[in-house]
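Dear colleague,

I am handing over the structure below, together with some notes on what was found in it. Please read them with the structure open beside you.

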Amino acid sequence: GILTMLNTQFVVHLKPGRNKERLPKVMDFKGQMIYLSESSAVLFLGSPCVDKLEEFTYSGIYLSDIPIHSALRDVVLTGEQAKAQDGLKKRMAKLKSALELAHEALEEEK
């Protein structure tokens, strides 16, 4: 079974167990299976499947728990940066329209 698919990407779906404090919600992990010949065991090596920083904190995982070399950090941080930039663009658009309205009001008073 699994030994024939060692180079395949696996998604492990974890459900909360009896101790719900340790794993507050259902989580998915994406990774690979590694065969350890010394102990005749199969090891799953993976990372959580998350896109947003809120998903990390909701799951009890912090960005510092993810290895520095993992692309997952970059994906999450890029998403957060894009979200922040969108928020700033919306604020700037509102300020611009408020300034335009104020400018028009000043022009009418002249």
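E109 is exposed, since its relative accessible area of 68% is over the 50% that the word requires. This residue is found in helix α2, which covers residues 71-109, and on the surface E109 gathers with E100, E104 and E108 in a patch of negative charge. Please keep in mind throughout that this is a predicted model, and that the values given here were computed from it.

Helix α2 also takes part in the salt bridges, of which the structure holds two. In one of them the side chains of K83 and E54 meet, with a distance of 2.9 Å from N to O. Because K83 lies in helix α2 and E54 in helix α1 (residues 53-59), this pair ties together parts that are 29 residues apart in sequence. K83 also forms a salt bridge with E80, where the closest N and O atoms are 3.7 Å apart; here both residues lie in helix α2, three residues apart, which is about one turn of the helix. Taken together, E54, E80 and K83 are linked in a network of salt bridges. As for how far these side chains are covered, K83 counts as partly exposed at 44% relative accessibility, and E54 likewise counts as partly exposed, at 40%.

A patch of another kind, a nonpolar one, is made on the surface by I2, L3, Y35 and V42, with an area of about 340 Å². Within this patch, L3 has its place in the segment before β1 (10-14), while V42 lies in strand β3 and is partly exposed, with a relative accessible area of 40%. Which residues does L3 contact, once its neighbours within four places in sequence are left aside? They are Y35 and V42, both of which are also members of the nonpolar patch. Between L3 and Y35 there are 7.2 Å in space, taken from C-alpha to C-alpha, although the two residues are 32 residues apart in sequence.

The last point concerns S40, which lies in the loop between β2 (27-36) and β3 (41-48). The phi angle of S40 is near 50°, a positive value in a residue other than glycine, and you may wish to look at this residue when you view the loop. Is S40 buried or exposed? With a relative accessible area of 57%, S40 is exposed, because that word is used for values over 50%.

With best regards

Key
Residues numbered from 1 in each chain as written. Predicted model: local features only at pLDDT ≥ 70, side-chain atom pairs only at ≥ 80, totals over all residues. Heavy atoms only, no water. Patch = residues over 30% accessible without salt bridge, like charges linked within 9 Å, V, L, I, M, F, W, Y side chains within 5 Å. Areas by Shrake-Rupley, 256 points an atom, 1.4 Å probe, with all protein chains shown as cover. Salt bridge = Lys/Arg side-chain N within 4 Å of Asp/Glu carboxyl O. Lys, Arg positive; Asp, Glu negative; His and termini not counted. Charge placed at Lys NZ, Arg CZ, Asp CG, Glu CD. Helix = DSSP H or I, 4+ residues; strand = E, 2+ residues; numbered from the N terminus. Buried < 20%, exposed > 50% of the residue type's maximum accessible area, 1.4 Å probe, protein only. Contact = heavy atoms within 4.5 Å.
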